Amino acid sequence: MKGRRLLMIPGPIEFSQEVLAEMAIPTLSHVDPQFIELFGQALEKMRKVWLAPSGQPFAVAGSGTFAMELAAANITEPGDRVLVVHTGYFSDRMADIFRLHGAEVDIAKSEVGDLPSVEAVRTMLRAVPYKILSITHVDTSTGCRADVRALAAAARETGALVLVDGVCAVGGEELRMEEWGVDIALTASQKAIGVPPGLALLVASRKAVEVFKARRHPVRSYYADWANWLPVMEAYEARKPAYFGTPPVNLVRALNVSLGQILAEGMESRFERHARSARAFRAGLSAMGLGFVPARPELYANTLTAAWYPAGIDASVLAHIAAEGATLAGGLHPAIKTRYFRIGHMGMSDTGEILATLGAIERGFAKAGFRFEHGAAVAAAQAAYLS
Ligand code: PMP
């Protein structure tokens with residue numbers, strides 16, 4: 001697609017040609033045997049991508065925010081205690097959703113660009129019988145990644161369910177749902193999963209489904225109620241027709257193709273490739289003298305980078321970068337919104353796209369009047385790839 005700008009925001013991302021082609025195929029009936037087969041395959045593949053062999057997958061029309069509600073609504077009952085690991089804009093949203101569904105929410109606080117320590121979270125978990133620990137794997141507002149493995153282990157010590165908002169992580173960041181003892185991991189189609197926006201995706205552990213089945217109160221949502229969706233998901237996997245709400249047929253087809261591509265690459269290679277690209281990308285920005293929003297290197301996410309504008313530069317540089325061929329995202333966290341920008345590098349993003357984006361960033365910054373050694377970012381990224 002010559003002449004087209006690269007979409008390098010933290011979702012929606014660049015999609016593969018094969019995925020886009022699925023979107024253009026004449027839409028089948030949602031109970032056509034051919035579609036039932038594709039939907040069943042997609043659900044089976046979700047288990048493999050989430051590394052949750054005994055998990056229960058859900059794929060429902062909606063954005064990532066709906067996936068958050070599809071999780072919280074079904075495992076929260078009035079008065080339940082929930083501990084939310086504070087990461088930024090999206091952990092605040094998760095806390096709001098839990099409160100709406102009747103939970104008493106406590107927050108393990110942190111500063112902007114930082115996360116509470118695992119020790120601090122463990123101490124809080126031991127002090128109160130929390131039912132759920134909620135973790136935003138990568139908070140897209142700051143580019144910080146939580147240590148899901150360690151936090152989940154701390155929750156296991158107290159028996160709390162572990163919910164992971166993996167909207168900016170699943171399919172890019174290392175997540176071993178079953179091995180790490182995660183009970184719900186949710187995402188949306190438009191990020192590292194590599195499918196246009198519109199699908200809320202979630203895998204629940206057996207324990208989470210049991211907790212749902214043992215509920216004493218009705219779910220406070222009609223559309224999100226697992227009682228409506230569980231039979232549909234089970235039916236499609238058993239290759240039987242079912243209906244609750246019309247599935248987005250072409251998105252599900254596209255999901256099946258994209259998950260197939262992810263699995264063909266292999267989860268280990270995929271985690272490694274995202275880490276490598278993120279390192280190369282950061283090396284490029286560092287070579288221009290830019291710094292990053294996350295407070296410490298171990299917090300740097302592999303799916304996106306959040307970088308501070310250097311002195312004399314503001315959000316107007318993004319238009320220059322777009323004119324040079326790459327669409328990036330501005331700030332999102334309200335406390336620092338005007339001071340930083342964000343670049344997504346997940347999913348299909350390959351070496352060429354990373355280097356092309358750094359090239360566009362160099363030209364855009366140069367046009368905005370920023371003084372730096374031209375070519376330094378691309379060279380540093382190349383060096384990182386070759387090291
Ligand atoms: N959680 C995280 C971590 C996200 O990055 C996003 C989207 N940027 C959401 C939730 C919400 O997803 P959506 O915009 O698709 O509703």
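**Stop 1: the second largest cavity**

Select Gly-143, Arg-282, Phe-292, Pro-294, Tyr-300, Ala-301, Leu-304, Thr-305 and Ala-306. These residues line the second largest cavity, which has a volume of about 40 Å³. Keep in mind that this is a predicted model. Colour the lining by class: six residues are nonpolar, two are polar and one is charged. Which strand gives the largest share of this lining? Strand 11 does, with three residues.

**Stop 2: strand 11 and its partner**

Now select residues 304-308, which make up strand 11. Is this strand largely enclosed or not? Four of its five residues are buried, so the rest of the structure largely encloses strand 11. Add residues 340-344 to the selection; they form strand 13. The two strands pair in the antiparallel sense, over five bridges. Pick Trp-308 and look across to strand 13: the bridge partner there is Tyr-340.

**Stop 3: the largest cavity**

The structure holds two cavities of 30 Å³ or more. Move to the largest cavity, where about 70 Å³ of space lies. Its lining counts 14 residues. Centre the view on Phe-39, Trp-229, Val-232, Gly-245 and Pro-247, the lining residues nearest the centre of the cavity. Two elements, strand 2 and helix 9, give two or more residues to this lining. Helix 9 gives the most, with four residues. What classes of residue will you find around the space? Thirteen would be the count to look for under nonpolar: the lining divides into 13 nonpolar, one polar and no charged residues.

**Stop 4: aromatic pairs**

Stay with helix 9, and show the rings. A search of the whole structure finds 16 aromatic pairs. Start with Phe-35 and Tyr-236. Their ring centres are 6.0 Å apart and their planes stand at 80 degrees, so this pair is edge-to-face. Phe-35 sits in helix 2 (residues 33-49) and Tyr-236 in helix 9 (residues 226-237). The pair links distant parts of the chain, 201 residues apart. Are these two residues buried or exposed? Phe-35 is buried, with a relative accessible area of 0%. Tyr-236 also counts as buried, at 1% relative accessibility.

Next, select Phe-58 and Trp-226. Here the ring centres lie 4.9 Å apart and the planes are at 25 degrees, so the pair is stacked. Phe-58 belongs to strand 2 (residues 56-61) and Trp-226 to helix 9, so the pair ties together parts that are 168 residues apart in sequence. Phe-58 and Trp-226 are both buried.

Then widen the selection to Phe-66, Tyr-222, Tyr-223, Trp-229 and Phe-244. These residues form one aromatic cluster. You have met Trp-229 already, among the residues nearest the centre of the largest cavity.

**Stop 5: the largest pocket**

Switch from cavities to pockets. About 380 Å³ of space lies in the largest pocket. Of the 20 residues that line the largest pocket, select Arg-145, Ala-146, Asp-147, Val-148 and Glu-298, the closest to its centre. Helix 6 (148-158) and helix 11 (267-287) are the elements that give two or more residues to this lining. The largest share, three residues, comes from helix 6.

Colour by class again. The lining of the largest pocket has ten nonpolar, three polar and seven charged residues. Now colour by domain. Domain 1 (17-265) and domain 2 (267-386) each give at least three residues to the lining of the largest pocket.

**Stop 6: the second largest pocket**

The last stop is the second largest pocket, with a volume of about 260 Å³. How many residues line it? The lining has 19 residues, and Phe-90, Thr-140, Val-167, Gln-190 and Lys-191 lie nearest the centre of the pocket. Select helix 3 (64-75) and helix 4 (89-100): these are the elements that give two or more residues to the lining of the second largest pocket. Helix 3 supplies the largest share, three residues.

By class, this lining has eight nonpolar, seven polar and four charged residues. Keep the domain colours on. The lining of the second largest pocket draws at least three residues from each of domain 1 (17-265) and domain 2 (267-386).

Conventions:
Residues are numbered from 1 along each chain as its sequence is written. This is a predicted model: local features need pLDDT of at least 70, side-chain atom pairs count only at pLDDT 80 or more; totals for chains, interfaces and linings use all residues. Side-chain values use heavy atoms; hydrogens and water are left out. Buried means under 20% relative accessible area, exposed over 50%, partly exposed in between (1.4 Å probe, protein chains only). Two strands pair if DSSP finds at least two bridges between them. On a 1 Å grid over the protein atoms alone, a cavity is a set of points where a 1.4 Å probe fits but cannot get out, and a pocket is an open set with protein on both sides within 12 Å along at least five of seven lines; lining residues have an atom within 4 Å of a point. Grid points are joined across faces, edges and corners, and a volume is the space filled by probe spheres set on the points. Ala, Val, Leu, Ile, Met, Phe, Trp, Tyr, Cys and Pro count as nonpolar, Asp, Glu, Lys and Arg as charged, and the others, Gly among them, as polar. Domain bounds come from an automatic or database domain assignment. Rings of Phe, Tyr and Trp (its six-membered ring) pair if their centres lie within 6.5 Å; planes under 30 degrees apart count as stacked, over 60 as edge-to-face and the rest as tilted.
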